[in-house]
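Hi everyone, thanks for making time today. Let me put the sequence and the structure up on the screen, and then we can walk through a few details together.

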Amino acid sequence: MIVQFGYLSLFSVVWPLTGLSFLVNNWIELRGDAVKIALETQRPVPWRADSIGPWLDALGFLSWLGSLSTAALVYLFSGDGFGPDGTPSKMTGWGLLLTMFFSEHIYLALRRAIRLALSKIDSPGLQRERRERFAVRKQYLQETLSQEAAEKAAQGGIAQGEKISRSTLEEEARESSLRGHGTAEERFWARQRGQGETIAMGRSFINKAAPAQGESKKEL
């Protein structure tokens with residue numbers, strides 16, 4: 001197959017039916033191999049592979065060399081300016097080099113564009129792998145954030161709350177004057193500057209409400 005591709009990329013411009021002849025040959029060979037595997041020989045053990053390995057480099061080199069040889073052959077044998085011995089008469093070295101240069105860069109540009117287009121298309125396997133990696137990263141991030149929050153809460157505790165002082169009250173009054181006074185509930189909850197103050201305020205309310213509830217029960 002590599003030899004066929006080499007002949008096709010290097011010299012197919014001389015005989016344009018080279019590709020068609022290789023297609024017919026490969027179809028006949030494929031049918032013959034299928035008959036031999038199904039009827040006469042043991043089936044080979046399949047081995048999974050991601051690519052064809054170093055043959056990719058060989059195919060790439062033959063493609064690049066084919067862009068040069070095709071341009072050179074087209075330049076040398078194009079037109080009708082032949083000499084007495086049948087060889088081309090109107091050709092220059094700089095023209096040949098310039099033709100090969102443009103042909104090579106057109107090939108490189110097309111290869112770059114095709115690779116970029118194929119990189120935008122994801123196969124189902126790549127999409128599934130990408131989803132799995134995203135799920136793993138998301139789970140790890142959630143576990144890390146929850147662990148950090150738990151450690152922070154354990155280290156802080158009730159005693160780490162912000163204490164009420166004259167400066168904090170003045171700053172709160174200034175901010176409330178800028179934002180608006182709000183409702184009574186908002187002013188009450190905004191007054192608490194930490195867990196310790198909130199718990200202490202709640203206990204004081206409970207203690208104040210407890211005697212009143214006892215007196216109401218006695219009256220009943």
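I'll talk about one helix and its packing, and then about salt bridges. Please keep in mind as we go that this is a predicted model.

Let's start with helix H1, which covers residues 2–11. Which of its residues are buried? They are Gln4, Gly6, Ser9 and Leu10. And what do these buried residues pack against? Two other helices: H2, residues 18–40, and H3, residues 55–76.

Now for the salt bridges. How many does the structure hold? There are two.

One of them takes us back to helix H2, where both Lys36 and Asp33 lie. These two residues form a salt bridge, and their closest N and O atoms are 3.5 Å apart. Along the helix, Lys36 and Asp33 are three residues apart, or about one turn. Are they buried or exposed? Somewhere in between: Lys36 is partly exposed, at 41% relative accessible area, and Asp33 is partly exposed too, at 32%.

For the other salt bridge, please look at helix H5, residues 124–156. Here the side chains of Glu129 and Arg133 meet, with an N to O distance of 3.2 Å. Glu129 and Arg133 are four residues apart in H5, so about one helical turn separates them. As for accessibility, Glu129 has a relative accessible area of 39%, which makes it partly exposed. Arg133 is partly exposed as well, with a value of 41%.

That's my tour, and I'm happy to go back to any part of it on the screen.

Notes:
Residues are numbered from 1 along each chain as its sequence is written. This is a predicted model: local features need pLDDT of at least 70, side-chain atom pairs count only at pLDDT 80 or more; totals for chains, interfaces and linings use all residues. Side-chain values use heavy atoms; hydrogens and water are left out. Buried means under 20% relative accessible area, exposed over 50%, partly exposed in between (1.4 Å probe, protein chains only). Contact means heavy atoms within 4.5 Å. A salt bridge is a side-chain nitrogen of Lys or Arg within 4 Å of a carboxyl oxygen of Asp or Glu.
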